[in-house]
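Subject: A structure for you to look at

Hello,

I promised to pass this one on to you, so here it is. Have a look first, and then read my notes below.

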Amino acid sequence: MKAIRCTAWGPPGSLILADLPDLVPGPAEVVVDVRAAGVNFPDVLTIQGKYQFRPPLPFTPGNEFAGVVRAVGPGVTAFAPGQHVIGFTRTGAFAEQALAPVSALLPMPATMDFAVAAALTLTYGTAYHALADRGAVQPGETILVLGASGGVGLAAVEVGKALGARVIAAASTDDKLALCAAHGADALINYERDDLRDAIRAATDGRGPDVIVDPVGDKYSEPALRSIAWRGRHLVVGFAAGRIPQLPWNLMLLKGASVVGVFWGDFTRKEVGAHHAAMAQLAAWHGEGKLRPLVSERYALADTAQALEDMAARKVTGKVVITP
């Protein structure tokens with residue numbers, strides 16, 4: 001099989017396309033023929049050795065995929081060859097075949113195609129875990145989504161609406177904000193053109209958002225936190241803008257607010273039952289038309305480096321996928 005390999009920490013251009021032996025499943029493992037693999041910002045960090053998880057070199061990057069079961073290991077009864085599945089693993093998705101434990105796989109709903117299924121797992125899973133679990137969003141509350149046109153951001157717009165919240169989308173261009181509006185955002189903020197605090201104040205009649213979804217970090221986090229409502233929850237998802245912000249702790253005291261970490265990857269491994277229940281809810285919402293994952297670009301396996309470069313340059317809207 002062919003696979004993208006990271007043999008040394010570095011930029012996307014250092015990745016190579018290699019021929020590897022076909023994968024063989026062990027006990028409680030499944031091999032999947034990958035039809036689509038989602039590309040995410042953590043992939044960019046992982047190949048540079050800058051992510052929380054550093055896999056041993058060499059490795060195949062990519063951690064979410066959809067495909068067809070090729071073979072099952074001894075004792076596996078939950079899945080069978082030919083079955084369509086969704087998977088999430090630490091590594092291995094950017095290849096023609098992926099190996100996953102049974103606990104990392106879910107049946108793929110018949111209503112989805114492979115690209116949408118591959119785009120649903122990490123971004124929508126993160127958005128749901130952030131808003132429904134860590135943020136405990138209630139109907140009628142107001143959500144501010146930073147970086148709202150990106151993968152997690154756009155998912156958070158749709159998940160927030162499905163939870164009954166009012167959603168304010170913040171992004172860097174008017175084109176990106178138009179995309180957010182098309183996916184249900186109630187109010188829009190261009191934070192490269194407008195003062196973020198003034199725009200939040202205007203969009204919330206001075207009250208501030210109850211929940212902030214923050215996958216961006218850098219210069220955007222502090223003004224957003226300063227604008228949060230009483231008892232608000234600032235959800236720390238990631239730092240796509242580059243710098244990890246240093247927030248003054250007195251802001252949390254003055255607002256009675258919480259800054260809450262959202263680490264979906266470890267959630268899926270530490271709370272398997274809750275993860276499966278969340279994915280079932282997302283699949284149900286997709287079937288009802290409440291979620292409309294945007295796959296904006298598809299890349300061949302050989303073009304994986306370009307996909308990651310586009311992700312690093314923040315040129316991506318919605319999700320992009322690799323189609324081996």
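A good place to begin is the lining of the largest pocket, whose residues divide into 24 nonpolar, 18 polar and six charged. Please keep in mind that this is a predicted model. The lining is made up of 48 residues, and the space inside the largest pocket comes to about 1100 Å³. Helices H1 (41-47), H2, H3 (151-162) and H8 (264-270) are the elements that each give two or more residues to this lining. H1 contributes the most, with four residues. If you want to find the centre of the pocket on screen, look for Phe-41, Pro-42, Pro-215, Gly-238 and Phe-239, the lining residues that lie nearest to it. As background, rolling a probe the size of a water molecule over the atoms shows where empty space is left.

Next, the strand I would show a newcomer is E8, which covers residues 142-146. How many of its five residues are buried? Five of the five are, so to speak, under cover. On one side sit Thr-142, Leu-144 and Leu-146, on the other Ile-143 and Val-145, and both of these faces are covered.

E8 also has partners. It runs parallel to strand E9 (residues 166-171), and five bridges join the two. Within that pairing, Val-145 stands opposite Ala-169 of E9. E8 pairs with strand E11 (residues 211-214) as well, again in the parallel sense, over three bridges. There, Leu-144 has Ile-212 as its bridge partner. Along the chain, E8, H3 and E9 form a β-α-β unit that is right-handed.

Helix H2 (residues 114-134) holds another residue to look at, His-129. Is His-129 buried or exposed? With a relative accessible area of 6%, His-129 falls under the 20% cut-off and therefore counts as buried. Beyond its neighbours within four places in sequence, His-129 is in contact with Arg-134, Val-262, Phe-263, Trp-264 and Phe-267.

Gly-13 makes a nice contrast. It is placed in the loop between strands E1 (2-5) and E2 (16-19). Its relative accessible area is 57%, which is over 50%, so Gly-13 is exposed. Leaving out neighbours within four places in sequence, Gly-13 is in contact with Ala-305 and Glu-309. From Gly-13 to Asp-186 is 173 residues in sequence and 39 Å in space, C-alpha to C-alpha.

Finally, a few points about the backbone. Most residues other than glycine have a negative phi, and most peptide bonds are trans. Here are the exceptions I noted:

- Leu-57 and Pro-58 are joined by a cis peptide bond, with omega about -10°. Pro-58 is in the loop between H1 and strand E4 (64-72).
- Asp-205 is not a glycine, yet has a positive phi of about 55°. Asp-205 is in the loop between helix H5 (196-203) and E11, and it counts as exposed at 75% relative accessibility.
- Asp-218 likewise has a positive phi, near 55°, in a residue other than glycine. Its place is the loop between E11 and helix H6 (221-226).

Enjoy exploring it!

Best wishes

Conventions:
Residues are numbered from 1 along each chain as its sequence is written. This is a predicted model: local features need pLDDT of at least 70, side-chain atom pairs count only at pLDDT 80 or more; totals for chains, interfaces and linings use all residues. Side-chain values use heavy atoms; hydrogens and water are left out. Buried means under 20% relative accessible area, exposed over 50%, partly exposed in between (1.4 Å probe, protein chains only). Contact means heavy atoms within 4.5 Å. On a 1 Å grid over the protein atoms alone, a cavity is a set of points where a 1.4 Å probe fits but cannot get out, and a pocket is an open set with protein on both sides within 12 Å along at least five of seven lines; lining residues have an atom within 4 Å of a point. Grid points are joined across faces, edges and corners, and a volume is the space filled by probe spheres set on the points. Ala, Val, Leu, Ile, Met, Phe, Trp, Tyr, Cys and Pro count as nonpolar, Asp, Glu, Lys and Arg as charged, and the others, Gly among them, as polar. Two strands pair if DSSP finds at least two bridges between them. A crossover is right-handed if, with the strands pointing away from the viewer, the path from the first strand over the helix to the second runs clockwise.
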